[in-house]
Amino acid sequence: MSVIESFRPQLAKLTEIRRDLHAHPELAFAEHRTADLIATHLESLGIEVHRGVGKTGVVGVVRAGRGLRAIGLRSDIDALPIQERNDFAHRSVHPGCMHACGHDGHTTMLLGAAEALAAQRDFDGTVYLIFQPAEEGEGGGLAMIDDGLFERFPMESVFGMHNWPGLAPGHFVVHPGPVMASADRFDITITGHGAHAAMPHLGADPVTAGAALVQAIQTIVSRTIDPTDSAVVSVTQFHAGEAYNAIPDRAALCGTVRAFSETVQDQIEAALRRVAGGIAAAFGVEIAVEYRRGYPPTVNTPAEAALSAEVAGALVGADRVTTNARPSMGAEDFAYFLQRKPGSYVWIGNGAGEGGCTLHNPTYDFNDEIITTGVAYWVELVRRILAPAR
């Protein structure tokens with residue numbers, strides 16, 4: 001019997017848990033029912049539980065043997081403000097809120113691993129089970145860190161996993177470096193001088209200045225960033241005016257910046273301010289740029305990524321583990337963990353058919369058939385890193 005198949009007797013119970021979580025989604029820092037379910041389940045397994053870490057986070061502690069080594073396994077637990085369009089029995093009971101990113105499945109896989117680790121304790125050291133709130137844009141990972149996660153639960157490395165629609169079940173992707181991009185935001189205010197639309201020479205038009213700025217921003221990546229570095233600068237909002245016959249005195253632009261290194265983030269921010277200053281001078285307007293750093297890039301450490309690839313390969317076959325895939329321009333606050341500890345963040349195939357539609361989609365659902373694969377990965381990773389001395 002394969003390691004994955006050895007967990008199949010758990011699948012029905014774990015599927016029930018996963019679908020219960022799906023039916024009762026909760027948004028960032030409001031995951032009270034979810035946290036209670038997690039804590040209660042861990043306690044029923046005889047696992048030491050710490051609640052309220054980073055507001056609504058939960059940390060379980062499983063110890064075995066006398067080893068002093070310790071690692072962390074992390075799952076995200078929050079949902080998204082999306083109206084679900086599925087019609088199956090376990091669809092969300094909360095209007096405007098659903099698990100559209102698979103955090104219900106991630107939580108379930110880590111709960112399944114917790115049960116196996118607590119029952120078998122065939123490792124030497126400590127495993128910290130990190131159930132993190134508020135991944136979807138609210139920085140729950142940083143909240144847990146600020147609440148003393150790594151001081152209270154000292155671990156040498158930390159690992160994460162995310163389902164990936166379009167990747168076949170039984171397959172993994174492990175990146176040896178960047179996995180996900182940073183997610184910065186900018187707000188630009190253009191202040192001109194309003195005038196009658198038939199007499200534009202009497203004003204300073206923020207709309208034409210804004211249009212020129214949008215065009216100029218498109219040259220930042222193509223003309224100021226090394227072509228071997230990937231980056232995206234997208235203007236996603238343009239607000240100006242209320243009347244057909246009046247030039248407004250103000251316009252506003254908003255957008256996002258994505259990159260795989262802090263150096264590139266710095267370059268883009270500087271270029272954005274420089275370009276804005278040039279457009280302001282050219283059009284006789286004032287331009288203010290507010291640039292806000294969001295999630296940093298998620299970057300695996302090479303040794304831990306290699307170890308993750310070996311563990312996944314032993315489970316599903318090396319030919320089903322991709323290590324040269326392109327990273328995603330999406331963002332992930334596991335990045336905060338990897339800024340402070342070695343570790344890796346892997347993608348597990350969620351499939352392309354039913355249960356495999358794109359993330360953040362109102363018809364998304366996690367594929368329950370991959371639960372045992374995820375459980376097996378977590379358990380084998382612990383066994384590998386915290387193997388008893390011989």
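Two residues are in contact here when they have heavy atoms within 4.5 Å of each other. Keep that in mind as we walk through this structure, which is a predicted model.

Let's start with Thr256, a residue in strand β12. Leaving aside residues up to four places away in sequence, Thr256 touches Asp184, Phe186, Val232, Val233 and Ser234. One of those neighbours deserves a second look: the backbone oxygen of Asp184 sits 3.1 Å from a polar atom of the Thr256 side chain. Is Thr256 itself buried or exposed? Its relative accessibility is 18%, and the cut-off for buried is under 20%, so Thr256 counts as buried.

From there, move over to Ala231, which belongs to strand β10, residues 231–240. Ala231 is another buried residue, at 13% relative accessibility. With residues up to four places away in sequence again set aside, Ala231 touches Val221, Arg258, Val264, Ile268 and Met329. If you want a sense of scale, look from Ala231 to Ala12: these two are 219 residues apart along the chain, and their C-alpha atoms are separated by 43 Å.

Arg258, one of the residues that Ala231 touches, also takes us to the largest pocket. This pocket has a volume of about 610 Å³. Its lining is made up of 25 residues, and those closest to the centre are Glu136, Ala183, Arg258, Tyr295 and Ala331. Which strands supply at least two residues each to this lining? They are β5 (157–165), β8 (183–191), β12 (250–259) and β13 (286–295). Strand β13 gives the most, with four residues. As for chemical character, the lining is a mix of nine nonpolar, eight polar and eight charged residues.

Strand β13 is also a good place to pick up the salt bridges. Arg293 pairs with Asp266, and their closest N and O atoms are 2.7 Å apart. Asp266 lies in helix α8 (residues 262–283) while Arg293 is in strand β13, so this pair ties together parts that are 27 residues apart in sequence. Both partners are partly exposed: Asp266 has a relative accessibility of 43%, and Arg293 has 39%.

Next comes Arg292, which forms a salt bridge with Glu290, the closest N and O atoms being 3.8 Å apart. Here too the partners are partly exposed, Arg292 at 31% relative accessible area and Glu290 at 43%.

Elsewhere in the chain, Arg152 forms a salt bridge with Asp147, with 3.9 Å between the closest N and O atoms. A salt bridge is counted when a side-chain nitrogen of Lys or Arg comes within 4 Å of a carboxyl oxygen of Asp or Glu, so the Arg152 and Asp147 pair qualifies at 3.9 Å. Arg152 is partly exposed at 39%, and Asp147 is partly exposed at 31%.

How many salt bridges are there in the whole structure? A search finds 25. Some of the charged residues go beyond simple pairs: Arg18, Arg19, Asp104, Asp365 and Asp368 are linked in a network of salt bridges.

Note on methods
Residues are numbered from 1 along each chain as its sequence is written. This is a predicted model: local features need pLDDT of at least 70, side-chain atom pairs count only at pLDDT 80 or more; totals for chains, interfaces and linings use all residues. Side-chain values use heavy atoms; hydrogens and water are left out. On a 1 Å grid over the protein atoms alone, a cavity is a set of points where a 1.4 Å probe fits but cannot get out, and a pocket is an open set with protein on both sides within 12 Å along at least five of seven lines; lining residues have an atom within 4 Å of a point. Grid points are joined across faces, edges and corners, and a volume is the space filled by probe spheres set on the points. Ala, Val, Leu, Ile, Met, Phe, Trp, Tyr, Cys and Pro count as nonpolar, Asp, Glu, Lys and Arg as charged, and the others, Gly among them, as polar. Buried means under 20% relative accessible area, exposed over 50%, partly exposed in between (1.4 Å probe, protein chains only). A polar contact is a pair of N or O atoms within 3.5 Å; within protein, one must be able to donate a hydrogen and the other to accept it, and residues adjacent in sequence count only if both atoms are side-chain atoms.
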